[in-house]
Every structure is written in structure tokens, then in C-alpha cells.
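Please open the model in your viewer and keep the sequence panel beside it, since each stop on this tour begins with a selection and then says what is to be found there.

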Amino acid sequence: MAFLHGFILAFGLILPLGAQNVFIFNQGATHGKLLRAMPAVIAAGLSDTLLILMAVLGVSVIIFKFSYIQFGLIVVGIIFLIYMGVTMWNSKAEKSENAQQSFSTKKQIVFALSVSLFNPHAIMDTIGVIGVNSIQYSGPDKILFTSATILVSFMWFVFLAVAGKMLRKLGSGVMLWLNKISAVIMWGSAVYLGFQLL
């Protein structure tokens with residue numbers, strides 16, 4: 001029961017279209033081989049794992065008692081999202097193996113970490129929903145609940161990368177528009193975070 005609860009809860013949280021999902025989908029679409037998008041998938045999955053563990057163990061609640069930490073995360077998040085949006089907007093929709101050089105393994109990891117760890121909205125969701133729901137469990141049940149939420153993250157990111165790769169077959173014109181839409185979503189997320197500072 002705890003596993004099913006965690007699975008359904010995490011699935012509901014991860015479904016909404018956000019910077020993290022858009023980035024993983026985009027990486028699946030821009031790389032010729034799925035393996036080349038795996039750095040972004042793994043980095044995003046590990047980031048979610050860290051946030052979930054912090055929420056379940058109560059560490060994140062202690063950290064967010066300090067308002068300056070939350071402020072700092074929002075500022076860094078805005079900067080990263082603006083930069084990522086510019087990068088995606090300027091990306092070329094080519095089908096060669098050398099396309100999307102700007103999204104090397106290193107940049108995929110950095111970008112995936114930024115949209116995961118520097119997104120206060122996602123962090124607060126993890127603390128407020130997963131962390132709070134985990135309180136009702138203890139021992140093996142808590143482990144099952146936590147494992148389910150982590151499993152959903154990895155499964156969803158792999159699915160997004162695969163879906164992106166399938167979209168790639170539709171042609172470079174579709175890919176060009178996908179890059180533009182991704183950029184707009186990134187900038188929209190930055191604006192949303194900016195309003196939280198007001």
C-alpha cells in the first residue's frame with residue numbers, strides 16, 4: 001500500500017509541464033541516439049532522488065527555515081533558466097551526429113541539475129507533498145514509499161527521452177519549433193520564479 005501510494009503521488013507531481021520535463025524531452029529529441037541523452041536523464045533522476053531523500057528525512061525543512069537560502073536558490077534558478085532558454089532558442093535543428101554540440105555530456109548534467117536543484121517550486125512541492133505524506137510511514141513502509149517516488153522519477157525521465165527521440169523522426173522543422181517552445185517555457189519559468197521574489 002505504501003509503495004502504491006508513493007507511486008501515484010509522485011506520478012501526479014511529475015506530470016505537469018515544467019522546465020525539467022521540457023529539458024529531458026528536448027535532449028531525447030536532439031540526440032540521434034538515446035544513449036546520448038542519458039546523462040541528462042540520470043542527472044535529473046539523481047537530483048530528484050536527493051530532494052526526495054531530503055524531504056523524507058526532514059533535512060530540507062530545516063534548511064528552508066532560513067529565508068536567505070530560499071532567496072539564493074530562486075536567484076540562481078532564474079539565471080540558469082534564462083541562460084538555458086537562450087541556449088535552446090539558438091540551437092540548430094540538424095540531424096547530424098555532431099548536432100547540438102552545446103548540449104555535451106557536461107552541459108546536459110549541469111542543466112539537468114540546475115532545473116532540478118535550483119527550482120524552488122519543485123523543492124517546495126517535494127517537501128510539502130512527498131515529505132509530508134511520508135510522515136505517516138515508518139520502517140519498511142517508509143522505505144517502500146520513498147523507493148516508489150524515486151522509481152517514478154527515473155521511469156518518467158526515460159519515457160520523456162524516448163518520446164523526444166520518436167518526435168525527432170518527424171523532421172528538423174518540428175525540432176526547430178520544439179527548441180523555440182522549450183526556450184519560451186524556460187523563460188516563463190524564470191518569470192514565475194521572479195514573481196516569488198516580489
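The tour goes from the whole chain to one helix, then to a single side chain, the aromatic rings and the empty spaces.

**The whole chain**

Begin with everything shown as a cartoon, bearing in mind that this is a predicted model. Nine helices should appear and no strands, for the protein has 9 helices and 0 strands, and read along the sequence the pattern is α-α-α-α-α-α-α-α-α. If you colour by accessibility, 44% of the 198 residues count as buried. Of the contacts with a separation of 6 or more, 87% are made by residues 24 or more positions apart.

**Helix H6**

Next select residues 105–117, which make up helix H6 with its 13 residues. From the first C-alpha to the last, H6 reaches 18 Å, close to the 18 Å expected at 1.5 Å a residue. Show the side chains, and pick out Gln108, Phe111, Ala112, Ser114, Val115 and Ser116, which are buried in H6.

**Phe157**

Move on to Phe157, which is found in helix H8. Is Phe157 buried or exposed? Its relative accessible area is 0%, and since buried means under 20%, Phe157 counts as buried. Leaving aside residues up to four places away in sequence, Phe157 touches Ile14, Gln20, Asn21, Ile24, Val41, Ala44, Gly45 and Asp48. Draw a distance from Phe157 to Gly28 as well: these two residues are 129 residues apart along the chain, yet their C-alpha atoms are separated by 9.6 Å.

**Aromatic rings**

Now display the aromatic side chains, among which the structure holds 7 aromatic pairs. Select Trp89 and Trp187, whose ring centres are 5.6 Å apart and whose planes stand at 35 degrees, so the pair is tilted. This pair links distant parts of the chain, with Trp89 in helix H5 (residues 67–89) and Trp187 in helix H9 (residues 172–197), 98 residues apart. Trp89 counts as partly exposed at 35% relative accessibility, and Trp187 is also partly exposed, with a relative accessible area of 28%. Then select Phe11, Trp156 and Phe159, which form one aromatic cluster.

**The largest pocket**

Turn on a surface and centre the view on Leu13, Gln20, Asn119, Ala122 and Asp125, which, of the 26 residues lining the largest pocket, lie nearest its centre. The volume of this pocket is about 590 Å³. Two or more lining residues come from each of helix H1 (2–14), helix H2 (19–30), helix H3 (38–57), H6, helix H7 (120–134), helix H8 (140–168) and H9. Which helix gives the largest share of this lining? The largest share comes from H7, with 5 residues. Coloured by class, the lining of the largest pocket shows 14 nonpolar, 10 polar and 2 charged residues.

**The second largest cavity**

Finish with the enclosed spaces, where the count comes to 2 cavities of 30 Å³ or more. To find the second largest cavity, select Ala19, Gly77, Phe80, Leu81, Ser114, Val115, Phe118 and Asn119, which line it. About 30 Å³ of space lies in this cavity. H5 and H6 each supply at least two residues of its lining, and H5 gives the most, with 3 residues. By class, this lining divides into 5 nonpolar, 3 polar and no charged residues. Ser114 and Val115 will be familiar from the stop at H6, where they are among the buried residues.

Technical notes
Residues are numbered from 1 along each chain as its sequence is written. This is a predicted model: local features need pLDDT of at least 70, side-chain atom pairs count only at pLDDT 80 or more; totals for chains, interfaces and linings use all residues. Side-chain values use heavy atoms; hydrogens and water are left out. Helices (H or I, at least four residues) and strands (E, at least two) are DSSP runs, numbered from the N terminus. The expected span of a helix is 1.5 Å times one less than its number of residues. Buried means under 20% relative accessible area, exposed over 50%, partly exposed in between (1.4 Å probe, protein chains only). Rings of Phe, Tyr and Trp (its six-membered ring) pair if their centres lie within 6.5 Å; planes under 30 degrees apart count as stacked, over 60 as edge-to-face and the rest as tilted. On a 1 Å grid over the protein atoms alone, a cavity is a set of points where a 1.4 Å probe fits but cannot get out, and a pocket is an open set with protein on both sides within 12 Å along at least five of seven lines; lining residues have an atom within 4 Å of a point. Grid points are joined across faces, edges and corners, and a volume is the space filled by probe spheres set on the points. Ala, Val, Leu, Ile, Met, Phe, Trp, Tyr, Cys and Pro count as nonpolar, Asp, Glu, Lys and Arg as charged, and the others, Gly among them, as polar. Contact means heavy atoms within 4.5 Å.
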